[in-house]
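Student: I should like a close look at a single part of this model: its interior. Please describe how that part is built and then set it against what lies outside it.

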Amino acid sequence: MLFFSGMLIAKDKTSSFMLRLFTSPLTSSHFIFGYTLPLFPMAVLQIAVCFAVAFILGLAININALLTIVVLILAAVLFIAIGLLCGALLANLTAWLSDIWFDLDLVGGAFKSIAEALPFVHAVEAGRAALAGDYSAIFPDLWWVICYAAVIMAIAILVFTNKMNSDTT
């Protein structure tokens, strides 16, 4: 979703489509949520397909798997917001900082501290906790994701407003 939303914004910025949108009476928040609303069902569908395949391959269908789907849907909003804010520039960086390619304890130090201050590792940990049925471990990490998603969405709206105003003058 991060790649797709970033590329969508980048493509629209280079075409006359964005100029036509600027002539409408829409606000920046309308633009950002207008991009987010169609991406959200795509994210839900992507999660559903991945879990359907996982169930076919042997993942147990239980309340923990369903809770993991909900957690990942909330994390998808974060990645949509990041994509809308930064395009495709931060995609590889988020994977490095999310504890999915390698264990952050192996690197440790400042790298681990920086990764833990960002939302990516928390999105992964919330998903892992949900899948394991460790309900008490979900929300400490999920709150990071929810707060970052809200802040990044607000920043995306502000950046879009500034860009829109600078492109029309």
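Tutor: A residue is called buried when its relative accessible area is under 20%, exposed when it is over 50%, and partly exposed in between, with a 1.4 Å probe and protein chains only. On that scale, buried residues account for 37% of the 169 residues in the chain. The model is predicted, and accordingly local features need a pLDDT of at least 70 and side-chain atom pairs count only at pLDDT 80 or more, while totals for chains, interfaces and linings use all residues. Numbering runs from 1 along each chain as its sequence is written, and side-chain values rest on heavy atoms, with hydrogens and water left out.

The framework of the chain consists of nine helices and zero strands, where helices (H or I, at least four residues) and strands (E, at least two) are DSSP runs numbered from the N terminus. The order along the sequence is accordingly α-α-α-α-α-α-α-α-α. Contact is taken as heavy atoms within 4.5 Å. Among the contacts between residues at least 6 apart in sequence, 71% join residues at least 24 apart.

The interior itself is described through nonpolar cores, each a set of buried Ala, Val, Leu, Ile, Met, Phe, Trp, Tyr and Cys residues joined through side-chain atoms within 4.5 Å. The largest such core has 36 residues, and the members that touch the most other members are Ile32, Ile47, Val71, Leu78, Ile138, Leu142 and Val145. Two or more residues of this core come from each of helix 3 (28-56), helix 4 (63-86), helix 8 (119-132) and helix 9 (135-168). Ile138 illustrates the packing: apart from neighbours within four places in sequence, Ile138 is in contact with Leu67, Val71, Ala126, Ala129 and Ala130.

Which polar residues are also buried? Thr36 is one of them, with a relative accessible area of 9%. Thr36 belongs to helix 3 and, not counting residues up to four places away in sequence, touches Ile80, Leu84 and Met153. Asp141, in helix 9, counts as buried because its relative accessibility is 16%. Leaving aside neighbours within four places in sequence, Asp141 is in contact with His122, Glu125 and Ala126. The C-alpha atoms of Asp141 and Val124 are 8.6 Å apart, although 17 residues separate them along the chain.

Glu125, one of the contacts of Asp141, leads to the charged pairs. A salt bridge is a side-chain nitrogen of Lys or Arg within 4 Å of a carboxyl oxygen of Asp or Glu, and the structure holds three of them. One joins Glu125 to Arg128, with an N to O distance of 2.9 Å. Both residues lie in helix 8, three residues apart, about one turn of the helix. Glu125 is partly exposed at 27% relative accessible area, and Arg128 is partly exposed at 40%.

Lys112 takes part in the other pairs: its closest N and O atoms are 2.3 Å apart in the salt bridge with Asp105 and 3.8 Å apart in the salt bridge with Glu116. Asp105, Lys112 and Glu116 are thereby linked in a network of salt bridges. Lys112 and Glu116 both lie in helix 7 (residues 109-117), four residues apart, about one turn of the helix. Within this network Lys112 is partly exposed at 23%, Glu116 is partly exposed at 36%, and Asp105 is exposed at 52%.

Nonpolar side chains are found at the surface as well. Accessible areas come from the Shrake-Rupley method with a 1.4 Å probe, and for residues only the protein chains shown count as cover. The accessible surface of the chain comes to about 9,400 Å², of which 74% belongs to carbon and sulfur atoms. Patches are made of residues with over 30% relative accessible area and no salt bridge, like charges being joined within 9 Å and nonpolar side chains (Val, Leu, Ile, Met, Phe, Trp, Tyr) within 5 Å. Leu45, Val49, Val53, Ile56 and Leu57 make a nonpolar patch of about 550 Å². Val49, in helix 3, is partly exposed at 46% relative accessibility.

Finally, an unreviewed UniProt entry annotates residues 43-63, 70-97 and 142-161 as "transmembrane region"; its positions are given in the numbering used here, feature names are shortened, and annotations may be inferred rather than shown by experiment. In the model, residues 43-63 are 71% helix and 0% strand, with end C-alpha atoms 20 Å apart. Residues 142-161 are 100% helix and 0% strand, with end C-alpha atoms 29 Å apart.
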